[in-house]
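Welcome! Please take a moment to look over the model below, and then read on for a guided walk through its interior.

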Amino acid sequence: MKNTKVTLVPLTASDREQFILDNQWSFKYGALSEFGKRDDHIDFDGEIISRKTIEGCIDDPQNETYLIMLDGRKVGGAILKINKETCINELEILFVSPEEHTKGIGYGAWLEIEALHPETKVWKTCTPYFEKRNIHFYVNKCGFHIDEFWCEYFKPNHDTPDDTPDEGPDEMFSFIKVMK
């Protein structure tokens with residue numbers, strides 16, 4: 001398995017705007033690669049993941065936000081939701097710049113994330129059903145298992161207020177990784 005040595009650097013205020021734009025580009029790239037410009041998964045702002053969602057993740061006091069660095073260059077980012085009481089943690093967002101795909105950066109970042117939180121009992125994450133690269137990455141490289149498939153027949157129980165519309169594709173894979 002290709003494992004590129006990367007470092008995780010906490011996000012600073014000066015990097016925030018570029019982090020959001022890079023994150024949106026990375027997610028949009030995946031949808032455009034799969035569906036082309038006809039894609040109906042892109043929201044009215046032309047994004048797969050909204051600025052509001054990314055900012056909400058960054059601003060959540062329970063979350064940790066990192067830049068993924070390779071040879072002094074910003075090549076991606078990650079947002080982790082850490083629950084110090086249960087040690088059931090979530091990978092809220094992980095992205096690698098499309099120009100850097102297939103270099104082992106994502107896997108290197110995942111190894112760094114696991115090393116940051118060795119107390120973790122369970123990791124959780126999710127990805128849209130059409131993101132075959134992500135599904136392959138989480139299952140075949142990082143050791144996650146598909147836990148649920150969210151669709152019209154099964155909706156997850158999210159902790160969002162009733163007046164907040166659910167964002168993103170209607171069909172998502174939920175993954176879980178139980179740590180040894």
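A residue is called buried when its relative accessible area is under 20%, exposed when that area is over 50%, and partly exposed in between, using a 1.4 Å probe and protein chains only. This is a predicted model, in which local features need pLDDT of at least 70 and side-chain atom pairs count only at pLDDT 80 or more, while totals for chains, interfaces and linings use all residues. Residues are numbered from 1 along each chain as its sequence is written, and side-chain values use heavy atoms, with hydrogens and water left out.

**Helix α3 and the cores**

Let us begin with a helix. Helices (H or I, at least four residues) and strands (E, at least two) are DSSP runs, numbered from the N terminus. The expected span of a helix is 1.5 Å times one less than its number of residues. Helix α3 covers residues 105-116, and its twelve residues should therefore span 16 Å at 1.5 Å a residue; the end C-alpha atoms are indeed 16 Å apart. Within α3, the buried residues are Ile105, Gly106, Tyr107, Gly108, Ala109, Trp110, Ile113 and Glu114.

Some of this helix belongs to a nonpolar core, meaning a set of buried Ala, Val, Leu, Ile, Met, Phe, Trp, Tyr and Cys residues joined through side-chain atoms within 4.5 Å. The largest such core has 25 residues, and those that touch the most other members are Ile68, Leu94, Trp110 and Ile113. Two or more residues each come from β2 (63-70), β3 (73-81), β4 (88-96), α3, α4 (132-141) and β7 (172-178). The greatest contribution is that of α3, with five residues. In soluble globular proteins, nonpolar side chains tend to be buried together.

What does Leu94 touch, leaving aside its neighbours within four places in sequence? Counting contact as heavy atoms within 4.5 Å, Leu94 meets Phe27, Ile68, Gly77, Ala78, Gly106, Ala109, Ile113, Phe137 and Tyr138. Another core, of 15 residues, lies apart from the largest one and includes Phe27, Ile49, Ile79 and Ile93.

**Aromatic rings**

Rings of Phe, Tyr and Trp (its six-membered ring) form a pair if their centres lie within 6.5 Å; planes under 30 degrees apart count as stacked, over 60 as edge-to-face and the rest as tilted. The structure holds ten aromatic pairs. Here are two of them.

| Pair | Centre to centre | Angle between planes | Type |
|---|---|---|---|
| Trp110 and Phe144 | 5.2 Å | 55 degrees | tilted |
| Phe173 and Phe175 | 6.4 Å | 35 degrees | tilted |

Trp110 and Phe144 are 34 residues apart, with Trp110 in helix α3 and Phe144 in the loop between α4 and β6 (145-150), and their pair links distant parts of the chain. Both Trp110 and Phe144 are buried. Phe173 counts as buried because its relative accessibility is 19%, and Phe175 counts as buried at 1%. These four rings join Trp123, Phe137, Tyr138 and Phe149 in one aromatic cluster.

**A cavity and a pocket**

On a 1 Å grid over the protein atoms alone, a cavity is a set of points where a 1.4 Å probe fits but cannot get out, and a pocket is an open set with protein on both sides within 12 Å along at least five of seven lines; lining residues have an atom within 4 Å of a point. Grid points are joined across faces, edges and corners, and a volume is the space filled by probe spheres set on the points.

How many cavities of 30 Å³ or more does a search of the whole structure find? It finds one. The largest cavity has a volume of about 60 Å³, and its lining includes Asp15, Lys74, Val75, Gly76 and Ser97. Ser97 lies in the loop between β4 and α3 and is buried, with a relative accessible area of 11%. Beyond four places in sequence, Ser97 is in contact with Val75 and Gly76.

The second largest pocket has a volume of about 620 Å³. Its lining has 27 residues, of which Val96, His101, Arg133, Asn134 and Phe137 lie nearest its centre. The largest share of this lining, seven residues, comes from α4.

**Two unusual backbone angles**

Most residues other than glycine have a negative phi, and most peptide bonds are trans. Cys87 is not a glycine, yet has a positive phi of about 60 degrees. Cys87 sits in the loop between β3 and β4 and counts as buried at 13% relative accessibility. Thr102, also not a glycine, has a positive phi of about 65 degrees. Thr102 is found in the loop between β4 and α3 and is exposed, with a relative accessible area of 60%.
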